[in-house]
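Work through the exercises below with the model open. Try each task before reading its solution.

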Amino acid sequence: MSLSVSARTWSLALLSVAWLAQPVFGAEKLDLTKLPPAVTRAVDFARDIQPILESRCQKCHGPEKQKGGWRVDVKDAAMTGGDEHAPNIVPGKSAESPMIQFIGGLDEDMKMPAKGDPLSAEQIGLLRAWIDQGAVWPESAGKPKRDPLDWWSLKPIVRPTVPGPGNPIDAFVRAKLAEKNLSPSSEADARTLCRRLYFDLTGLPPTPEEMDAFAADTSPGAYERLVDKLLASPRYGERWARHWLDVVHYGDTHGYDKDKPRPNAWPYRDYVIRAFNEDKPYARFVEEQIAGDVLFPNTRDGIEALGFIAAGPWDYIGHSEVPETKVDGKIARHLDRDDMVANTIGTFCSVTVHCAQCHNHKFDPITQEDYYSLQADFAALDRTDRKYYRDDATNARFRELQRRQQQVESQLAELEKPLQEKAGEAFAALTHKIDGASSVAAKKQGNTSPDFGYHSAISQTQDATKWVEVDLGKHVGINYVTLRPCYDDFNAVGAGFGFPVRFKVEASDDPEFKTGVMLLWRRHDETFMNDFKNPGLQPFTTGGAKDDGIGGRYVRVTATKLAPRKNDFIFALAELQVFDAAGNNVAQGKAVTAFDSIEAPPRWRKMNLTDGIAPVAASADEKEKLVQERDALLLSFADDETKAKRAALLAEKSRVSDDLKKLPPPSVVYAGGIHTGTGAFRGTGPDGGKPRPIFVLARGQVTQPGKEAVPGALSALSFEPARFALAPDAPEGDRRAALAHWLSDKRNPLTWRSIVNRVWQYHFGRGLVTTPNDFGRNGALPSHPELLDWLASDFRDSGGSLKQLHRLIVTSATYKQVSTSNAPGEKIDVDNALLWRQNRRKLEAEAVRDSVLAMSGKLDLTMGGPGWQDFVIEHPEHSPHYEYDLADPEDRKTWRRSIYRFIVRSQTQPWMTSLDCADPSMRVDRRNESLSALQALALLNDGFMVTQSRHFAERVEGEAPDVAGQVERAYRLAFGHAPSAADHEHLTAFAQANGLPNLCRVLLNLNEFIFVD
């Protein structure tokens, strides 16, 4: 059946049954006498009723769809309907059963079926008789309701018995092969295994000398010693951190339309590298990334790990320019929490929980309430810069001082509040002067003369565009531009009156700014201090740029978001100053034009903009006098006890401030935290970090909040209550701590299955579950369920050592197989799901790039720190353009490992992208592995490849005396072994004809270089 009204209306109609305890539309609204009468004979469910339900009802209310939450193919569901307190079938009372009222068409808005012919009188009569006779539904009839919890990934992990001797992995794999009469492949040769191990564990190729030494070492344990050596290498953490950062969609820019840089994101990347190198127990690795600041306070890792929460994209416009009181602001913050939830549960549990934000999950037992409970865990958080110290002792001291500072300020505010109320307008006036008045504010409203400045026409909308422009008289090389704010007490604004919220400064030789426009010093379309915060009388300077070649005859300031005035918006400036290389203000006295202007001399007119007159901010001494005057006013309303308490608090505040100043400058990480800003992006900091209320949203609409969600996790797993037992006033960190413990609990089957499957995938090219981000019913079934559970239980119970897991996998005979195919295997298992051979794998973009640098001898192994940039940024303060074609391939700063590359979301690196690099805007659980002509062209012709091929040639020229020796050395560096006689002859001839750099380009383009096996 289908409905002619919305599902929401349908649900409300069902709820009305419980409220009224009478016919669904109310007895006064329905004429029950219009219902066809019940048949008088005995009715059999299987013979008479079930066919009606199957043919007329189950299309909309069966196993595939359950409109209104009602299904008629299962007994219990059919009896209770869409709401457990509002039965659709009332045995013995057909006229009072909503089911009969709906199909009887007693209300045009709610009749069923809504489309198609109505049920016949005979069919309704049969249904009425069946209900009147007791609504007998035999247990043998109807389709059994599928238990939503009966799914492999949700069941507890039970350690299976290993079906044979030796490495347990081999025992499980060979048992599966035997079921299909397949045999494992032979072991690969020593050189193949050596190269495979180096790339798998470090992401770098072995040197020819390392390859030769391993091939020559026939002593027992040689392979295991190599494994241990590579796992102990710092290159291991760099290699495996790249896999992890793909999954958590780490990037160094925000994404969205204004893809601004995140200069402080990199400490999280370095944390992941360090955690892998230190072999941090996996449970702690999980807990630190969700609640490290709470569970491991005052530790470096406990803060840097929270970069996980902020790893994904962030809507700069939606947060910085739209308050969360507006619908668009609510949507932006809802989506931000959605990313936190999806990243957390998807990464650690491989569950698509985000599918439940608009409705209960269609495939998995995840309710909307589960989803919003998870959102409530992050309800106080925003993405923000967090200050901390990498030294744990200093960090502890810093946190304690911060805590004490906040405590004192809170106590002081509480103490002064009644005094401020008594002081009234006098207190407010003094505060206003302190916040930005000039030295002569009390006499002349902040201006030393009546010439205030330029003032645009008034606008009723804030996003109207206004501009004002000065004609310098000739082309001038410009060093910097300074904008000086106005002072006007209109509407009690005072200092900073009319200063725009967002603006840009440009120069051109075209007065109409249609051609030759030059943006001035990366301050284009600047959102001033996140959102409007009055700058007072502090001048705004674009910054020095005399070496940038910026110049023009005309300088224009364009306001793209106006300043609020009263119930309208304006643009005003006291002075526009343009300084040349010699430091002269070449704008003074020059002509001014504008989009529009209020000409009300002497206060407001265009010519005031270059008259050299502007209000000056008060000196420190003058402001101190104002502060003292305000303090005296407050204390005039205080008794002796209050004065003493205030003095003590001020003294303590001063001590704490002095102690904070004595600390060295803190480090900063972009991470999940309590944002303490003002304006649109105020966060929860001004509220003391109190979590926002999170509501279950009807259809995911922020305009349709339902009941408030309680912090929790997934109800499908019963090892712990799905809703956390927290006090109503518990600190926000307690929510995240509870979630972290829930994720890392040894009884959580999803967490432990997920991580071992991910590690397996990167060693074999595919996971035991080929959908590593989806362990639900829409994902794949495990190819070796017993092996997966054995690995999960062993990993969990042995301390969560990732290095131990790697060692177990790479020392198995299954891992060491050749990658060549054979006919029996291809015929029975063409996808190699049963692992009768190793999979041949293509190197990822980063491994290719790092290997090229290793060949040229230019690879810089410096670890950590800000990412290197292979682009030039244009317009960074507005919508940055990341221009990769302007980068210098000879820039040595870009010759570090690819893990340290500054990753842009909106404009991905073209060369890396052609080689299937992960898109940082998405959570990438498994990279594409494609072969295309574009890749061949990129590997052959990209500036990076051409440059490094030349350095490769220079290297071998220094390591071998003649062309023949140079060709052999280059070949051995690239592939770890000498060329055949025929290959050596052909390659030498090619080098002699085309040059050694071109020969090196050829070697770097061969399949043997690009593929692991």
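**Exercise 1. Two distant points**

Task: Locate I103, decide whether it is buried or exposed, and find how far its C-alpha atom lies from that of A982.

Solution.
- Step 1. Find the element. I103 sits in helix α5, residues 98–103.
- Step 2. Check the burial. The relative accessible area of I103 is 3%. The cut-off for buried is under 20%, so I103 is buried.
- Step 3. Take the distance. The C-alpha atoms of I103 and A982 are separated by 85 Å, with the two positions 879 residues apart along the chain.

Keep in mind that this is a predicted model.

**Exercise 2. The chain as a whole**

Task: Describe the protein chain by its elements, its span, its burial and its contacts.

Solution.
- Step 1. Count the elements. The protein chain has 35 helices and 20 strands.
- Step 2. Take the span. Along the principal axes, the C-alpha trace covers about 105 × 100 × 60 Å.
- Step 3. Look at burial. Of the 1013 residues, 55% are buried.
- Step 4. Look at contacts. Among contacts with a separation of 6 or more, 74% join residues 24 or more positions apart.
- Step 5. Turn to the surface. The accessible surface is about 43,100 Å², and carbon and sulfur atoms contribute 52% of it.
- Step 6. Place the charges. There are 125 positive and 139 negative charges, and their mean positions are 2 Å apart.

**Exercise 3. Packing around one helix**

Task: Which residues of helix α10 are buried, and what covers them?

Solution.
- Step 1. Select helix α10, residues 222–231. Its buried residues are A222, Y223, L226, V227, L230 and L231.
- Step 2. Look for the cover. The elements over these residues include α8 (190–202), α9 (208–216), α11 (234–247) and α26 (802–810).

**Exercise 4. Two surface patches**

Task: Which residues form the nonpolar patch, and which form the positive patch?

Solution.
- Step 1. Take the nonpolar patch. Y256, V327, I331 and L335 form it, with about 330 Å² of accessible area together.
- Step 2. Test one member. L335 lies in helix α16, residues 327–349. Its relative accessible area is 38%, so L335 is partly exposed.
- Step 3. Take the positive patch. Its members are K59, K65, K67, K115, K362 and R699.
- Step 4. Test one member here too. K67 is in the loop between α3 (58–61) and α4 (75–80). With 31% relative accessibility, K67 is partly exposed.

**Exercise 5. Salt bridges**

Task: Place three salt bridges, E238 with R897, E400 with R403, and R646 with D631, and say what each connects.

Solution.
- Step 1. Recall the principle. Side chains of opposite charge can pair when their charged atoms come close.
- Step 2. Start with E238 and R897. Their side chains meet at 3.1 Å, N to O. E238 is in helix α11 and R897 in the loop between β20 and α29, so this pair ties together parts 659 residues apart in sequence. Both ends are buried: E238 has 2% relative accessibility, and R897 has 4%.
- Step 3. Go to E400 and R403. Their salt bridge is 2.6 Å, N to O. Both lie in helix α18 (residues 392–423), three residues apart, or about one turn of the helix. E400 is partly exposed at 36%, and R403 is partly exposed at 42%.
- Step 4. Finish with R646 and D631. The distance is 3.1 Å, N to O. R646 is in helix α22 (residues 640–662) and D631 in helix α21 (residues 620–635), so the pair ties together parts 15 residues apart in sequence. R646 is buried at 6%, while D631 is partly exposed at 22%.
- Step 5. Look for a network. R274, K280, R284, E288, R300, D301, E304 and R390 are joined into one by salt bridges that share partners.

**Exercise 6. A buried arginine**

Task: Why does R901 have no salt bridge by the distance rule, and what does R901 touch?

Solution.
- Step 1. Locate R901. It lies in the loop between β20 (881–883) and α29 (910–914).
- Step 2. Apply the rule. A salt bridge needs a nitrogen within 4 Å of a carboxyl oxygen. The nearest side chain of opposite charge, E846, is 4.6 Å away, so buried R901 has no salt bridge.
- Step 3. List the contacts. Leaving out residues up to four places away in sequence, R901 touches D252, W868, D870, Q909, M912 and C917.

Methods:
Residues numbered from 1 in each chain as written. Predicted model: local features only at pLDDT ≥ 70, side-chain atom pairs only at ≥ 80, totals over all residues. Heavy atoms only, no water. Helix = DSSP H or I, 4+ residues; strand = E, 2+ residues; numbered from the N terminus. Buried < 20%, exposed > 50% of the residue type's maximum accessible area, 1.4 Å probe, protein only. Contact = heavy atoms within 4.5 Å. Areas by Shrake-Rupley, 256 points an atom, 1.4 Å probe, with all protein chains shown as cover. Lys, Arg positive; Asp, Glu negative; His and termini not counted. Charge placed at Lys NZ, Arg CZ, Asp CG, Glu CD. Patch = residues over 30% accessible without salt bridge, like charges linked within 9 Å, V, L, I, M, F, W, Y side chains within 5 Å.
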